[in-house]
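I opened the notebook to go through this structure contact by contact. Below is what I looked up, in the order I looked.

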Amino acid sequence: MPQLNPEFFVSQLFWLVVTFSFLLVFLWRISLPRIGSVLDKRERKISEDLATAKKLQAEAENIQEQIDSQLIQARSQATNILKQTSNSLQNKAGEELENLDKELDLKINDSAKTIEKNKKESLENIENQINDITKLTLSKIIKLNISDEEIKKAVKSAGRSVN
């Protein structure tokens, strides 16, 4: 095998040193700086992304706090509006009930007056009918003409004794 032949060792060592030197220089001057710059860019990008994410998270938390405070305010306002509306409706209902009570009292008083008036008229009609019946009865039984005044007095005195 020619590689193991000692007379080619020097030339092989020379080309080995040249090749490895070229490879070392190529890697040291060209490839490794490019790889290093890519790694630095990646690290900076990750750092910037993390900083941006932290900033956005802080902003999101502030926005969430604002939303929560606005929700609390909206709920308290809604509760206050409901209470005011409820109180207003209760007051209106109370006023309406008072007005209805007044109207009913007036109608009841009017009805009572009408009933009392009808009662008096009915009693007067009954008295007049009793007087007429009594006059007719007496005139047929005894054939006497008695005045209306006397019959009224007699009916009233008989009505008092019955009551």
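I started with tryptophan 15. It is exposed, because its relative accessible area is 54% and exposed means over 50%. I kept in mind that this is a predicted model.

**Aromatic pairs**

Next I asked which ring tryptophan 15 pairs with. The partner is phenylalanine 14. I read the geometry as edge-to-face, with 5.1 Å centre to centre and 75° between the planes. The angle fits the label, since planes over 60 degrees apart count as edge-to-face. Phenylalanine 14 is partly exposed, at a relative accessible area of 48%.

I then looked up the pair of phenylalanine 22 and phenylalanine 26. This pair is stacked. The ring centres are 6.4 Å apart and the planes make an angle of 20°. I noted that the centre distance falls within the 6.5 Å cut-off for a pair. Why are phenylalanine 22 and phenylalanine 26 about one helical turn apart? They are four residues apart in helix 1, and that spacing makes about one helical turn. I checked the cover on each ring. Phenylalanine 22 is exposed, with 61% relative accessible area. Phenylalanine 26 is partly exposed, at 35%. My tally of aromatic pairs in the structure is two.

**Nonpolar patch**

Phenylalanine 22 and phenylalanine 26 turned up again in a nonpolar surface patch. I put the patch area at about 1,000 Å². Its other members include Leu13, Leu16, Phe20, Leu23 and Leu27. Further along the chain, Ile30, Leu32, Ile35 and Leu39 belong to it as well. I looked closer at isoleucine 30. This residue lies in helix 1. It is partly exposed, with a relative accessible area of 34%. That value qualifies isoleucine 30 for the patch, because patch residues need over 30%.

**Salt bridge**

How many salt bridges does the structure hold? I found one. Aspartate 49 makes it with lysine 45. Their closest N and O atoms are 3.7 Å apart, and the cut-off is 4 Å. The two residues are four apart in helix 1, so about one helical turn separates them. I also looked up exposure on both sides of the bridge. Aspartate 49 is partly exposed at 40% relative accessibility. Lysine 45 is partly exposed too, at 48%.

**Negative patch**

I moved on to the acidic residues. Glu95, Glu96, Glu98, Asp101, Glu103 and Asp105 form a negative surface patch. I picked aspartate 101 for a closer look. It lies in helix 1, which covers residues 9-141. Its relative accessibility is 45%, so it counts as partly exposed.

**Asparagine 131**

My last entry is on asparagine 131, which is found in helix 1. Buried or exposed? Asparagine 131 is buried, with a relative accessible area of 10%, because buried means under 20%. I also took a distance along the chain. Asparagine 131 and aspartate 110 are 21 residues apart, and 31 Å separates their C-alpha atoms.

Notes
Residues are numbered from 1 along each chain as its sequence is written. This is a predicted model: local features need pLDDT of at least 70, side-chain atom pairs count only at pLDDT 80 or more; totals for chains, interfaces and linings use all residues. Side-chain values use heavy atoms; hydrogens and water are left out. Patches are made of residues with over 30% relative accessible area and no salt bridge: like charges are joined within 9 Å, nonpolar side chains (Val, Leu, Ile, Met, Phe, Trp, Tyr) within 5 Å. Accessible areas come from the Shrake-Rupley method with a 1.4 Å probe; for residues, only the protein chains shown count as cover. A salt bridge is a side-chain nitrogen of Lys or Arg within 4 Å of a carboxyl oxygen of Asp or Glu. Lys and Arg count as positive and Asp and Glu as negative; His and the chain ends are not counted. The place of a charge is taken as NZ of Lys, CZ of Arg, CG of Asp or CD of Glu. Buried means under 20% relative accessible area, exposed over 50%, partly exposed in between (1.4 Å probe, protein chains only). Rings of Phe, Tyr and Trp (its six-membered ring) pair if their centres lie within 6.5 Å; planes under 30 degrees apart count as stacked, over 60 as edge-to-face and the rest as tilted.
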